[in-house]
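Q: I have a protein model to read. Can you take me through its features, one at a time?

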Amino acid sequence: MRHEPNLVVSQTACQVCKDDPFDPETSKCHECGSRCDQCGKIDQKTGQFQTPLCESCGHRERVFNGFNCAAEFCKWLCTKAHKNFTVLAHNGKGKQFMYRL
Ligand SMILES: [Zn+2]
Ligand SMILES: [Zn+2]
């Protein structure tokens, strides 16, 4: 039996929010928090977000679950690759990965 992760939890921290106390439920960051398609568009010229964070976005903790979670997580990670921040992820079995981008 192959050990595929079925849950990936990621938490982000960047220059803006690294000193804030982290709370999985409420912690938000306009820089490194998760964004939906609406507010996640990045201006190719400036490398900045085109629109401000919308109401439901900005969470620093993101949970990916299900069969495809590892791929989803990698996809999400890649969209963040231009930013200088740290992603801490674990797969629910105590394994931790640290990505410094
Ligand atoms: Zn941040
Ligand atoms: Zn949004």
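Q: Which residue stands opposite S10 in β3?
A: Strands pair if DSSP finds at least two bridges between them. Strands (E, at least two residues) and helices (H or I, at least four) are DSSP runs, numbered from the N terminus. Here, A89 in β3 stands opposite S10. In β2, R62 is the residue opposite S10. V9 has its own partner in β3: H90.

Q: What should I know about the model itself?
A: It is predicted: local features need pLDDT of at least 70, side-chain atom pairs count only at pLDDT 80 or more, and totals for chains, interfaces and linings use all residues. Residues are numbered from 1 along each chain as its sequence is written, while chains are lettered from A and ligands numbered from 1 in the order in which they are written.

Q: In which sense do β1 and β3 pair, and over how many bridges?
A: Antiparallel, over 5 bridges. β3 covers residues 86-90. β1 also joins β2 (residues 61-65) by 5 bridges, and these two run antiparallel.

Q: Which side chains of β1 are buried?
A: Count neighbours. A residue is buried if 20 or more other C-beta atoms lie within 10 Å of its own, exposed if 12 or fewer, and partly exposed in between; C-beta atoms are placed from the backbone. Now look along β1, residues 7-13. V8, S10 and T12 point to one face and are buried. L7, V9, Q11 and A13 point to the other face and are not buried.

Q: Which residues of β3 point to each face?
A: The side chains of β3 alternate. V87 and A89 share one face and are buried. T86, L88 and H90 are on the other face and are not. Taking the whole protein, buried residues make up 14% of its 101 residues.

Q: Is R62 buried, exposed or partly exposed, and why?
A: R62 is partly exposed, because 18 other C-beta atoms lie within 10 Å. R62 sits in strand β2. For its company, use contacts: two residues are in contact if their C-beta atoms lie within 7 Å. Beyond its neighbours within four places in sequence, R62 contacts S10, S34 and W76. W76 is 14 residues away along the chain, with 9.9 Å between the two C-alpha atoms.

Q: What can I read from a loop residue?
A: Take E31, in the loop between β1 and β2. It has 18 C-beta neighbours inside 10 Å, so E31 counts as partly exposed. Outside four places in sequence, E31 contacts C14, V16 and C17. From C17, E31 is 14 residues along the chain and 8.2 Å, C-alpha to C-alpha.

Q: Where is C36, and what does it contact?
A: C36 also lies in the loop between β1 and β2. It counts as exposed because it has 11 C-beta neighbours inside 10 Å. C54 and C57 are its contacts, leaving aside neighbours within four places in sequence.

Q: What is the overall plan of the protein?
A: Along the sequence, the pattern is β-β-α-β-β. That is 1 helix and 4 strands. Among contacts between residues at least 6 apart in sequence, 53% join residues at least 24 apart.

Q: Where is confidence lowest, and where is it highest?
A: Use pLDDT, the predictor's confidence in each residue, from 0 to 100. Strand β4 (residues 96-100) has the lowest mean, 59, and β2 the highest, 89. The protein averages 82, and 79% of the residues score at least 70. Where pLDDT is low, the predicted coordinates should not be read in detail.
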